[in-house]
Amino acid sequence: MSMGSGSEGRGSIFRFDTRQIVVAGIIGGIALFLGFTRLGFIPVPIPLIGNATIMHIPAIVGGALEGPIVGLLAGAIFGIFSFLQAENPVFLNPVVAILPRLLIGVVAWAVFVGLRRWSVDLAAAVAGLLGSFANTVGVVGLAILFGLLPVAVIPAILPQAIAEAVLAAVVTVVIVRGVMLFRSGRTTAPEDESDEERRY
Amino acid sequence: MLELQRNVIFGQFVETGSVVHRMDARVKIAATFVLIVASFLIDDFLGFAVVLPLLVAIGVVSKIPPGYVLRGSQIFLAFLAFILAFQVLFYPADVPESSYLWRWGILSVSTEGLHTAGIIALRVILLYYVTTMLMLTTSLVDLTNGLELIFGPLQRLRIPVNELVLVFVIAIKFVPIFIEEMERLARAQTARGLPFDEGGAITRARRIGRLLVPIFISGFARADTLTIAMNTRSYRGGRHRTKLRQMRASPSDWLALALVIAWILVAWKV
């Protein structure tokens, strides 16, 4: 291949800059890390699903802080993991495992951007809540569509879905705060009230 | 105390210089893909029994110690057993009275339930085994080049293949780094008197939240460093890049791939 032939690869459907590639990779790495160490699963004694997951939280944080493309890619990595290590028979179907996960970060991004001018904490909490619901609704919806789960399963899953969403909301707020605080470079507590806004 | 590093072998590459290691990465990826497809096509015990010798052969030829793979799969296998127990006990479908072995309220053990759980277990283990073996026998550089070449034609559809492959490679590469970091964090917090393996579900969940914040912060910090490092070296995706090492598949590589495909066809059809 000679330099400057010019045509190949120019104008891809979506373009990333280097930073988006790196951040999406690292956020996806956190999702994989939670998966492989099983730290991302919190055992809940509910049949059919069995585990509340926090593996979707990286996709939520990625979407909220870095935009829809990073959120989408982090979700894709989470989806591919749950397909390749599908201990739950539902995820042996690649469409159910991967497709809904792409939406998590996109939903989180839209919510976060929409709400952040009122309050960053509120935006992060709602992004966590709705990102988590996007995951549950997408997976369960597609699983029912493919006949992998009976419709009657919905009331049984509801408590777990709520637990996951609340957990995601709480953890997302803490992480978004932490990362923004770190990025602001501040190492001491704010000195007076008026400084409060600049903390983020 | 948490000892994750020894128990998670994902993303690690073990060089033994075996025939499998020296194979063309594209051929290995293709063979892995064939085996992944196989895990869905095969739906009886006989089929899996036919595949088993092939998997054992791959394991033996690769010269990767079986004990190493087993120790690294403990967490995975324990979880699998846990999930499958649920699968059997809450087997949802209608089962004829005669096939119940044990029943108590909504809990039951039926031959159908056991059969389904057995097939799922074999499927999941096959998926896990082939992807793990691919990782163990293929260096990350080869894996990247192989994936880029295989999906290269998609670039004509204006899909940024090189960038997407790089995202996945970075993700895989960072798993061991985060595992190490996590262990250090856990030790640091234990040293300051925070208990680690105690408490109920909620306490444990909060503890994980406490670990996630520093993991994310260090992740973003590393992302900044890596971005700067790549930009200073003028990274611009795969465009107009040439490779120092060209990949070449030897006839024996193709032969191995053909063997895998033929074997899978036999297993599927029996």
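Is Phe40(B) buried, exposed or partly exposed, and how many other C-beta atoms lie within 10 Å? In this predicted model, Phe40(B) has 14 such neighbours within 10 Å. A buried residue needs 20 or more, and an exposed one has 12 or fewer. Phe40(B) is therefore partly exposed. The residue sits in helix H2 of chain B, which covers residues 25-41. Its C-alpha atom is separated by 9.8 Å from that of Ile120(B). Along the chain, Phe40(B) and Ile120(B) are 80 residues apart.

The confidence scores come next. The model has an ipTM of 0.80 and a pTM of 0.80. The average pLDDT of chain B is 81. In that chain, 86% of the residues score at least 70. Where pLDDT is low, predicted coordinates should not be read in detail.

Chain B contains 10 helices and two strands. Its order along the sequence is α-α-α-α-α-β-β-α-α-α-α-α. The chain has 270 residues, of which 28% are buried. Contacts between residues at least 6 apart in sequence were also examined in chain B. Of these, 80% join residues at least 24 apart.

Chain A has six helices and two strands. Here the pattern reads α-β-β-α-α-α-α-α. Buried residues account for 50% of its 200 residues. Among contacts in chain A between residues at least 6 apart, 69% link residues at least 24 apart.

One helix was examined in each chain. Helix H5 of chain A runs over residues 120-145 and has 26 residues. From first C-alpha to last, H5 of chain A reaches 36 Å, close to the 38 Å expected at 1.5 Å a residue. Just after H5(A), Gly147(A) adopts a positive phi of about 75 degrees. In chain B, helix H7 spans residues 140-151 and has 12 residues. H7 of chain B reaches 16 Å, close to the expected 16 Å. Its buried residues include Asp142(B), Leu143(B) and Glu148(B). Gly146(B) and Leu147(B) are buried in H7(B) as well. The cover over the buried residues of H7(B) includes H2 and H8 of chain B.

The domain assignment splits chain B into two parts. Domain 1 comprises 1-159 + 243-270, and domain 2 comprises 161-236. Across the boundary, 16 residues of domain 1 are in contact with 14 residues of domain 2. On the domain 1 side, nine of the touching residues are nonpolar, six are polar and one is charged.

Where do the buried nonpolar residues gather? The largest nonpolar core has 79 residues. Ala31(A), Ala64(A), Ile77(A) and Ala127(A) have the most contacts inside this core. Helix H8 of chain B (residues 161-191) supplies its largest share, 14 residues. Domain 1 and domain 2 of chain B both give residues to this core, so it lies between them. In soluble globular proteins, nonpolar side chains tend to be buried together.

Ala127(A) shows the contacts of one core residue. Residues up to four places away in sequence are not counted here. Ala127(A) touches Ile60(A), Ala64(A) and Ala108(A). Val111(A), Phe112(A) and Thr172(A) are also among its contacts. A second, separate core has 24 residues. Among them are Ile42(B), Val130(B), Ala256(B) and Val260(B).

Notes:
Residues numbered from 1 in each chain as written. Chains lettered and ligands numbered in written order. Helix = DSSP H or I, 4+ residues; strand = E, 2+ residues; numbered from the N terminus. Contact = placed C-beta atoms within 7 Å. Expected span 1.5 Å × (residues − 1). Domains from an automatic or database assignment. Nonpolar A, V, L, I, M, F, W, Y, C, P; charged D, E, K, R; others polar. Core = buried A, V, L, I, M, F, W, Y, C linked by C-beta atoms within 7 Å. pLDDT = per-residue confidence, 0-100.
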